[in-house]
Amino acid sequence: MPNMSLKKNEMPSQAPDVRNKNFLEVALGYTEEQAVDEANRCLHCKNAPCVGGCPVAIDIPAFIDKVKERDFEGAYQVIARQSSLPAVCGRVCPQETQCEGKCVRGIKGEPVAIGRLERFVADWHNSHSTEAPQRPAPNGHKVAVIGSGPSGLTCAGDLVKKGYDVTVFEALHLAGGVLVYGIPEFRLPKAIVQKEIDGLKALGCKVETNMVIGKVLSIDELFEQGFESVFIGSGAGLPRFMRIPGENLKGVYSANEFLTRVNLMKAYKEGADTPIERAKKVAVVGGGNVAMDAARCAKRLGAEEVYIVYRRSEVELPARREEVEHAKEEGIIFKLLCNPVQILPDENKLVGGIECVEMELGEPDESGRRRPVAKEGSEFVLDVDCVIMAIGTSPNPLIKSTTAGLETQKWGGIIADEETGRTSREGVYAGGDAVTGAATVILAMGAGKKAATAIDQYIQGKNS
Amino acid sequence: MYKIVKKEVLNPTVTRMEIDAPLVAKKAQPGQFIILRVDDEGERIPLTVADYDREKGTVTIIFQIVGATTEKLNHLEEGECLQDFVGPLGTPSHTDGLHKVAVIGGGVGCAIAYPIAKKLHQQGATVHSVVGFRNTDLVILQEEFEAVSDKLVIMTDDGSSGRKGLVTDALKELIESGEQYDEVIAIGPLVMMKFVSALTKNYGIKTVVSMNPIMIDGTGMCGGCRLTVGGETKFACVDGPDFDGHLVDFDEAIERSSMYRDFEKQAREETCNLFAKEVQ
């Protein structure tokens, strides 16, 4: 008999007024009992709509079934067939618009907590499994992967398992891409990312850090070195700014800079070599996951007041529902329907305030969302000493500008076939934010996965 | 890990190191920079490439001890290793088609000006170098500059070496005496570059400056190195570090560079105390 409770098992978490002062993980994870109880809420629908909502098509009912049977390792094996980063996805996927959004239980009540179960299974595996991974038999073909974020790691993982000799090139000193420089410790502990990367290395995947492809080596040189195919997963690295007065004042950060200082460089720790401003009042401009991350980091660094300034209304916030809820619980103040006009200096040319204008929603624009329009004469000043711009990023031009024949969109995204990741250059595949512009971890993983299949077919076809 | 092949003290606050980094050495060009980390806990700091040897596979850096990281770096000896060394980053300096150039270096900025003077000299251009220091103890690369310059003027604040005065005084004299330059290349403290640019603007001589703002990743990701050039926001790491000196908003750049000054000062003192304790 299934568990017919209309509510998900609640996620055990650190209390809001405790966690907003530390960088430890917010959610603590289900116990075995909670996981089994939650798994029993699954009705095992024949057509399994949840699977259709998953960008990598994990066999969700099958893994949940294993959880019910308390065969947690078995559940992990089901997930691992499709996903190489389950401990990551269980934490950062926007489940409400994917698997859980399609769950039949969600029609009346809350959907099955698929994300929380995935996380439970992955964590269980990581703390219980002692089996050394089996190195696949090498097939003698070399593939280069540029970027060690979600798309690159997924692509590399799938290819290594097929026997390819894979080298991942990372520009920074640490592998993981946005998983280490962007997403904060309290949402995705870095030890988990490191574990996934160590797992890949154990399978024989090479990871070379400090390699800025396009500068130290070009894609053409990678081919000359014997790589038969190249996957570009270089992400959407360049921060956007609003081009409003005062944006270059001291105390204005891009979210990338702020988060990189905090996460990658560990500026939140006492005695870190990398400095960060410990502001008292912070405005974060934007409404996505990155904005929530920046706001919550600022709070944890000791800010008394942290605002999210977003030009649309609450329903349009692009962030995961859970991140918005968590941010609110932690005391982040939402200034919705509100857009910055200029950033004001204080007498020392530091940020002294941010002037905003109130907005109202008009007709839908090309994105389908109602266009925000400024209300004349509604300008007001928020008293802040730090502003963080989290209004999106665009692809890094370093590879495009050094690779002849690689076609890109006007805005910089690499043009790649949606099903295969194939680009305009033979043997070169691309996926993730470098193709789509800023999106989610799981979409990037899906693209890395498809590209791995296509690269395998390309190399096998060439050599048959 | 990247081994320190050679270490040389140029003056009490400036050190030259040759680093084993074959891939970077293969591609490096004058005007480009690298980012390094001293140890696993260290911050990332950008330093301009001072020289490179493609055959030996080494890259030379010259740095002034200003903060905790350069203090730590200076405590490393030959044979020891840097944790990280990434590059070459940024766009190389443009030297094509230049026949006569005034190269202006200030303090440790001379370390960056030198490879450009050398490249210009090698391509057959006439090079007039004007280098400025606070005093004679701080003079660096004098022989190197002499070897690649058709004319070398050394300026010191107190006249203890060369002539007393600022680099702008010497440059102004050269221009007034009828020297006609295709371009002036100025590399040094922001204030020096600001005043060189202001001077040459009067004479309508194209001037290139090398900006060295605060940055983290060096690949365009953080935007911390942004500056205003001709009214537009540019990223020094990918759009530069060379920019048209007549278009750079120096006052803004000077402000931005002071962002972490107090932190730097404190961090350096703490690091020095740490080293002092080790010695005891």
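Here is a chat between a visitor and a guide about rings, charges and strands in this predicted model.

Visitor: Why is the pair Phe241(A) and Phe235(B) called edge-to-face?

Guide: Ring centres have to lie within 6.5 Å to pair, and planes over 60 degrees apart count as edge-to-face. Here the centres are 6.4 Å apart and the planes stand at 85°, so edge-to-face is the right name. This pair also crosses between chains: Phe241(A) is in the loop between strands E5 and E6 of chain A, while Phe235(B) belongs to strand E15 of chain B. Both residues are buried.

Visitor: And what makes Tyr253(A) and Phe258(A) an edge-to-face pair?

Guide: Try the cut-off of over 60 degrees again. Their planes are at 65° and their centres 5.5 Å apart, so this pair is edge-to-face too.

Visitor: How do you know whether Tyr253(A) is buried or exposed?

Guide: Buried means under 20% relative accessible area. Tyr253(A) has 2%, so it's buried. Phe258(A) also comes out at 2%, so that one is buried as well.

Visitor: What makes Glu228(A) and Lys462(A) a salt bridge?

Guide: The nitrogen has to be within 4 Å of a carboxyl oxygen. For these two side chains the N to O distance is 3.7 Å, and that makes a salt bridge. Glu228(A) sits in the loop between helix H12 and strand E4, and Lys462(A) in helix H17, so the bridge ties together parts that are 234 residues apart in sequence.

Visitor: Why is Lys462(A) called partly exposed?

Guide: Partly exposed is what lies between the buried limit of 20% and the exposed limit of 50%. Lys462(A) has 42%, so partly exposed fits. Its partner Glu228(A) has 15%, so that residue is buried.

Visitor: How do you know that the charged end of Arg300(A) sits over the ring of Phe186(A)?

Guide: One part of the test is a distance within 6 Å of the ring centre, and the other is an angle within 35 degrees of the ring normal. The charged end of Arg300(A) is 3.7 Å from the centre, and this pair is listed as sitting over the ring. Phe186(A) is also in a cluster linked by ring pairs, with Phe23(A) and Tyr268(A). Arg300(A) belongs to a network of salt bridges whose members include Arg320(A) and Glu322(A).

Visitor: Last one: what makes E11 and E16 of chain B edge strands?

Guide: They're in an open sheet of seven strands, in the order E11-E10-E9-E8-E12-E13-E16. E11 and E16 each have a single partner strand, so one side of each is left without a neighbour in the sheet.

Definitions and conventions
Residues numbered from 1 in each chain as written. Chains lettered and ligands numbered in written order. Predicted model: local features only at pLDDT ≥ 70, side-chain atom pairs only at ≥ 80, totals over all residues. Heavy atoms only, no water. Pairing = 2+ DSSP bridges. Helix = DSSP H or I, 4+ residues; strand = E, 2+ residues; numbered from the N terminus. Phe/Tyr/Trp six-rings, centres within 6.5 Å; stacked < 30°, edge-to-face > 60°. Buried < 20%, exposed > 50% of the residue type's maximum accessible area, 1.4 Å probe, protein only.
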